[in-house]
Amino acid sequence: MCGIIGYLSRTKGVSKKIIHNLKKLEYRGYDSSGICLLKNNKFLVKKSVGEIANLEQKLNYDDDCVCGIAHTRWATHGKVNLKNTHPHLCPNKTWAVVHNGIIENYLELTKLLQDKNIKLKSDTDTEIIPALMEICEEKNNMDKLKYVTGLLSGSFAICLLNKNENALYVARRHSPLYIAKNQDSCMVSSDPVTFGEDYTTYFPLPDDCFARVDLDTMLVYNKNFEKITLAPCEIGSFEKSAELGKYSYYAEKEISEIPKVVEQILLNYKTVDHFKKLNKQFFKNIKKIKLIGCGTAYHACLMGEKFIQKDARIEAQAYIASEFRYSHPLISNDTLCIFVSQSGETADTLLSLELAKKMGAKTLALVNVPYSSIARSADITLPLCAGMEVAVMSTKAYNAMLTVLKMLSLHLRQLNKNNVDEDLKVLNNVDYFKNIDKIDEISDLVLKSEKVFFIGRVEDYVTSLEAGLKLKEITYINCVSLPSGELKHGTLSLVDNKSLVFVIATDENLLSKNLASASEIKARGGKIVLVTNLDVKRQEEIDYLYKFDKISSSLSSILSVIPFQVLAYKTCIKLGYSPDKPRNLAKSVTVE
Ligand code: F6R
């Protein structure tokens, strides 16, 4: 959440480069944005509310500066307005800061500043940071940074400028921050995706560390104030894979990539034996599996729970990460905790991982962003191979999660037999978008209805949850997802002739039960859209039949969600909203 850029160059005119790269971080927050350039020991600040394009209009790019910081904001403390937009300066304008995260004790620290007669201008938790730097009595700037970050509790990635130096001061706790350097420039960023054009390597700043970077040196300290050396990471194809190409929106592009992503997973797992360490020895004492994630990744966990219990007959349970941490989980060394995350930076998932490790669990992560904190922290990581996902609404990463979870559950069923890919090979030969044009008509039905429901059983119930989340997230249409069998235990009272109910059915054995639920809805005047890949003989209850391609029921969920991803997208476009940047949201939720 929020995007940070810090940039130093031997060549003047840095604002263009800074904004160009800040735009690559816009998916992390787009409430407002700002830039601070350093010129003749003075800060030049420009801010704008809304997308970065608005900020761009205020810049003419003819600055002769060599140094600057910038930020794209997802508001946490303080309304979306210019006053609260970063960068923030201290009263005597010596320090400027951009910040990602939440300073939990900022009210306490604000009091401390008030006692020293320091007046703050914004409602943010961030502004205290440069103000504390100003009043700090330490002589050396690194000592000041150490002292001030020591006062902060919560999460932060910060990048500071001092008006008297062409240098970037950075620090982080729980929020990611990366540094890249070459002969001519250096850049600090909250996502290495900004480094691809100018650098070949970068350095992830470790948790609780801080650094001073200039064009010639990089001084890094750990929390004990010992100097440390960072290991460089190569910039790979992932960091370079965010081009929009011929598409109008990332959401459209990313949905279209689903078949390629699944193919890529099968190929990658065939070439590299990612399951090697997940052998009999690893599972010797494992009695139960917990799967933990948030939002769409949580839905993947729910699906994983069903896969593992059915295929491998091991007790499995999915948890929402923000709930898991506070529900006194029963974990010991007989527990395997599986963390699922596209970004690998989701704060609740990351903190759950730390908790599970502390409590002695074995940890496995399924992560898309290879350099992320979760990928680096789990005992074993299985890559999702989906390429960079930019749209806030997660699509292809979800299909990737299901594919890898299915591989895992089959692997657990036949530990050490090693021919999992045989079962999944059929995924290379299905039509992922069969009948997809019909979604256009169905989206008109959605727009005409007052109430929308998604129902299904077992795996199809999980798909109904994900279908509902997609629709809510980018169309702002309120809808309800629930297991078909639960309808008559309360929610059926909502159903009337203004209701549209999507019934998802991919399991032959449960088809008649799902059709019975459809009859109950029909009897109350509701309209039914049946989404299935089964042969349906009895069609009286159905107003609209949407059929996707046939595939064994154990793999259906990888396909059955696609019509709903497309439905959300099409409906969103018809309503004139942005499918990539839904209101109030941002990708990569790095705050609790
Ligand atoms: C919904 C969506 C979110 C994320 C959730 C977890 O479309 O994208 O619900 O799934 O914020 O994010 P990751 O997977 O990055 O941990």
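Which residues does E466 touch, not counting residues up to four places away in sequence? In this predicted model, in which residues are numbered from 1 along each chain as its sequence is written, local features need pLDDT of at least 70 and side-chain atom pairs count only at pLDDT 80 or more, while totals for chains, interfaces and linings use all residues. Side-chain values use heavy atoms, with hydrogens and water left out.

With contact taken as heavy atoms within 4.5 Å, E466 touches T296, H299, S394, Y398 and V561. E466 is found in helix 17, residues 459-475, where helices (H or I, at least four residues) and strands (E, at least two) are DSSP runs numbered from the N terminus. At 0% relative accessibility, E466 counts as buried; buried means under 20% relative accessible area, exposed over 50%, and partly exposed in between, with a 1.4 Å probe and protein chains only. The side chains of E466 and T296 are joined by a polar contact of 3.1 Å, a polar contact being a pair of N or O atoms within 3.5 Å, of which, within protein, one must be able to donate a hydrogen and the other to accept it, and for which residues adjacent in sequence count only if both atoms are side-chain atoms.

T296 also takes part in the surroundings of the ligand, since a polar backbone atom of T296 is 3.1 Å from an oxygen atom of the ligand. An N or O atom in the side chain of S341 is 2.6 Å from a ligand oxygen atom, and a polar side-chain atom of K470 lies 2.7 Å from an oxygen atom of the ligand. The protein covers 87% of the 410 Å² of accessible area that the ligand has on its own, areas being obtained by the Shrake-Rupley method with a 1.4 Å probe and, for residues, with only the protein chains shown counting as cover. Helix 10 (295-312) and helix 17 are the elements that give two or more residues to the shell around the ligand. Of the 15 residues around the ligand, S341, Q342, S343, T346 and E473 come nearest, a residue being near if one of its heavy atoms lies within 4 Å.

An open sheet of 8 strands has the order 3-2-4-1-10-9-11-15, with antiparallel pairing; two strands pair if DSSP finds at least two bridges between them. Strand 3 (42-49) and strand 15 (233-234) stand at the edges with a single partner strand each, so one side of each is left without a neighbour in the sheet. Strand 15 is joined by 2 bridges to strand 11 (residues 201-204), the two running antiparallel, and Y202 stands opposite C233. Toward the other edge, strand 2 (residues 32-39) has 7 of its 8 residues buried, so strand 2 is largely enclosed by the rest of the structure. Strand 2 is joined to the antiparallel strand 3 by 8 bridges, with S33 opposite S48, and the two strands form a hairpin with 2 residues between them, in whose turn N40 has a positive phi of about 45°. A further 6 bridges join strand 2 to strand 4 (residues 67-73), again antiparallel, and here I35 stands opposite A70.

The structure holds 0 disulfides, a disulfide being a pair of cysteine sulfur atoms within 2.5 Å. C337 is in no disulfide, and the nearest cysteine sulfur, that of C301, is 11 Å away; C337 counts as buried at 0% relative accessibility. The sulfur of C385 is 18 Å from the closest cysteine sulfur, in C301, and is therefore too far for a bond, while C385 counts as buried at 18% relative accessibility.
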